[in-house]
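Reader: I have a few labels to check. Take me through the reasoning behind each one.

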Amino acid sequence: MFNFIFDALIIMKKFLFFLILFSSFICGSSIAQGKKVIADKIVAQVGDKIILNSDIMNAISDYKRQGQELPPDANCAFMQGQLIQKALVLQAEKDSLEVGEDEIDSKLDNQIRGFIREYGSKEALEEVAGRSIYQIKEDFRQSFKERELADKMRAKILENIKVTPTEVKAYWDKIPKDSLPFYESEIEVSQILSEPKANKEVEDYVIKQLYDYKRQAEIGVKKFEQLAKLYSDDKGTESQGGTLNINRNDKGSIDPTFLSAAFRLKEGQISSVFKSKFGYHIIYMVSRAGDDAVVRHILKIPPVTQEEIKLSIQKLDTIRNRILAKDLSFGEAVNRFSDDESSKFNGGQIQNRDGSTYVTIDMLDKEMIKILPDLKPGDISHPQEYTDERGKKLVRLIYLKTRTTPHRENFQDDYNKIAVRTLEQKKQGKLEKWFNEHLPSYYIYIDKNFAGCKGLDDWWKYTASNNQ
C-alpha cells in the first residue's frame, strides 16, 4: 500500500514541480554547452507559444550536469512542464498581466552574477558561452519573461485561497492512520545576540595593520592577493586572495558600505581603510564593467578581550532579569537590544530552510546544542559566549519556546503542518480545475513522438483534431 501522505504531496505539487522543473534549468544548459545539443524542431505548441525539442534536450542535459536525479520519463516530464508554462503565459498575455523590463533586467543580472561566480570570472563565462555578457542576457530575456509571466498567472489563479479549521479536519480525517508520518524531535528557539566591541586601542592597531598592508601592496613589497592569503580574517575568500565578484546593486547580500567603498575605486586602486558591519577592510579594484566588478579585499576583525565579553554578559544578564520579571517580552528585548539586525523583526527566531519556526537539532550550531538539554520549554538561558562561523566572538540569550518528542503525526501537535498540506491540496484542485476549463479554448499541438507520455493524457484530449 502506497503511503497516503507521500502520494498526496506528490499530487498536490505536480503542477508547481513541472513548472519549476523546466524553468529552473532553462538558463544553465546553453551556457554550459555553448550551443544547443540538437537542431531545433517544433515538438509542441500552445496558442502561438512553441516548444522546441532542443529546449527540452538542453534542459535535461543541464539537469544531469548539475547532479540532479532525473524524474521517470524525463522527456515527458519536461514536456509537461513546458506545456503548463506556455498555457499560463498565454493566459497571462490575454489577461494583460505585465512584467516590467526593470524586473527582468534585475533577475537577468542576478543570474549572470551567479554564472560568473560559477565560472570564476566574466571572461571565463564569455569564453565558455562563446558570446558576450550582453548576448547571454538577450538570449535568456524571453525565457525569463515567460517564467515571470507564468508565475504571475499562477499567483492570480491561486490568490485569496485559504483553508478553514473545518477543512483541515476533513483532510486529516481522510488520512489512513497507518500512513501518518513520523517526526523526529523539533524545537522552536530564539536568541538575543550581543556583539562585544573591541576597545579603541585594539581598533587603532588593526587600522594601522591594514594601512601597512596597503603600503606594501602599493610599493610592490608583496602582491595584494598574497597579503590577503596571509592576513585576511575572511575565511571564505582568503584562499582566493580575497577575490570577490560584486555588483553595485547587491545591497541585500553585500554590506552597503563595502559596495560604496569598492565602486569609488578605479582599476588598480586600493581603498583607504574603512569599517563595515564585519570589521575593517581595504579593497583592491581588479576590474570594472558597468555595475559589475572584481575586487580583492582584506578583512581584519579587531579581537575582543574577556573584559569586553564580560560587559556583553552583564548586559544580557540584565535583559534576562527584566524578561523574567515580565518588565518586557523576549520579542521586545530582541527588537530593542539584539545586535543581529536580520532577526529583529521575527523575534530572534531561528528558522527552518522552508521558513517555518520548527527546526531539528542538526540545524543548530554545536554551542547551542550543548545548552538546550538544560532548558525546558519557556526557559531562557543564562548568557552564553560562543564563536560564530566567521570567527567572531558573541554572547547570546537562548529562549526555548517549544520542544516536541519524536512522535507519529497527530492533529493537535501538528496542526500547522497538516494545514499547509490541506492548503496545497486545495491549490492543486484549483489549478486542475483551471486547466480543465481553459485547455479546450487553446490551440494545442504535440508531436506524436510524445504519444506514450501518460502525464499528457489531458493535453492529448484537446490535440486529437489538431494532429490529424
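Author: The model is predicted. Start with a charge over a ring: the charged end of K417 sits over the ring of Y358, 4.8 Å from its centre.

Reader: What makes K417 count as sitting over the ring of Y358?

Author: The distance is 4.8 Å from the ring centre. The cut-off is 6 Å, and NZ must also be within 35 degrees of the ring normal. K417 also lies over the face of Y183, at 4.8 Å from that ring centre.

Reader: How many aromatic pairs does the structure hold?

Author: Nine. One of them joins F115 and F140.

Reader: Why is the pair of F115 and F140 called tilted?

Author: The centres are 6.2 Å apart, and rings pair within 6.5 Å. The planes stand at 55 degrees. Stacked needs under 30 degrees and edge-to-face over 60, so the rest count as tilted. The pair is therefore tilted.

Reader: What does the pair of F115 and F140 tie together?

Author: F115 lies in helix α6 (residues 101-119) and F140 in helix α8 (residues 133-158), so the pair links parts 25 residues apart in sequence. Both F115 and F140 are buried.

Reader: Why is the pair of F258 and F274 edge-to-face?

Author: Its ring planes meet at 65 degrees, with centres 6.1 Å apart. Edge-to-face means over 60 degrees, so the label fits F258 and F274. F258 is in helix α12 (residues 256-262) and F274 in strand β6 (residues 274-275), so this pair ties together parts 16 residues apart in sequence.

Reader: How do you know whether F258 and F274 are buried or exposed?

Author: Relative accessible area decides. F258 has 4% and F274 has 11%. Buried means under 20%, so F258 is buried, and so is F274. Across the chain, 45% of the 468 residues count as buried.

Reader: Which residues do ring pairs link into a cluster?

Author: W172, F411 and Y415.

Reader: Now the helices. Why is α6 called roughly perpendicular to α7?

Author: The axes of α6 and helix α7 (residues 122-129) cross at roughly 95 degrees and come within 8 Å. Angles of 65 to 115 degrees count as roughly perpendicular, so α6 earns that label against α7.

Reader: Which residues make the contact of α6 with α7?

Author: From α6, they are I112, F115, I116 and Y119; from α7, K122, A124, L125 and V128. By class, the contact has seven nonpolar, no polar and one charged residues. F115 thus appears twice here: in the contact with α7 and in the tilted pair with F140.

Notes:
Residues numbered from 1 in each chain as written. Predicted model: local features only at pLDDT ≥ 70, side-chain atom pairs only at ≥ 80, totals over all residues. Heavy atoms only, no water. Phe/Tyr/Trp six-rings, centres within 6.5 Å; stacked < 30°, edge-to-face > 60°. Helix = DSSP H or I, 4+ residues; strand = E, 2+ residues; numbered from the N terminus. Buried < 20%, exposed > 50% of the residue type's maximum accessible area, 1.4 Å probe, protein only. Axes fitted to C-alpha atoms, helices over the stretch in contact; angles between N-to-C directions. Parallel < 35°, antiparallel > 145°, perpendicular 65-115°, else oblique. Contact = heavy atoms within 4.5 Å. Nonpolar A, V, L, I, M, F, W, Y, C, P; charged D, E, K, R; others polar.
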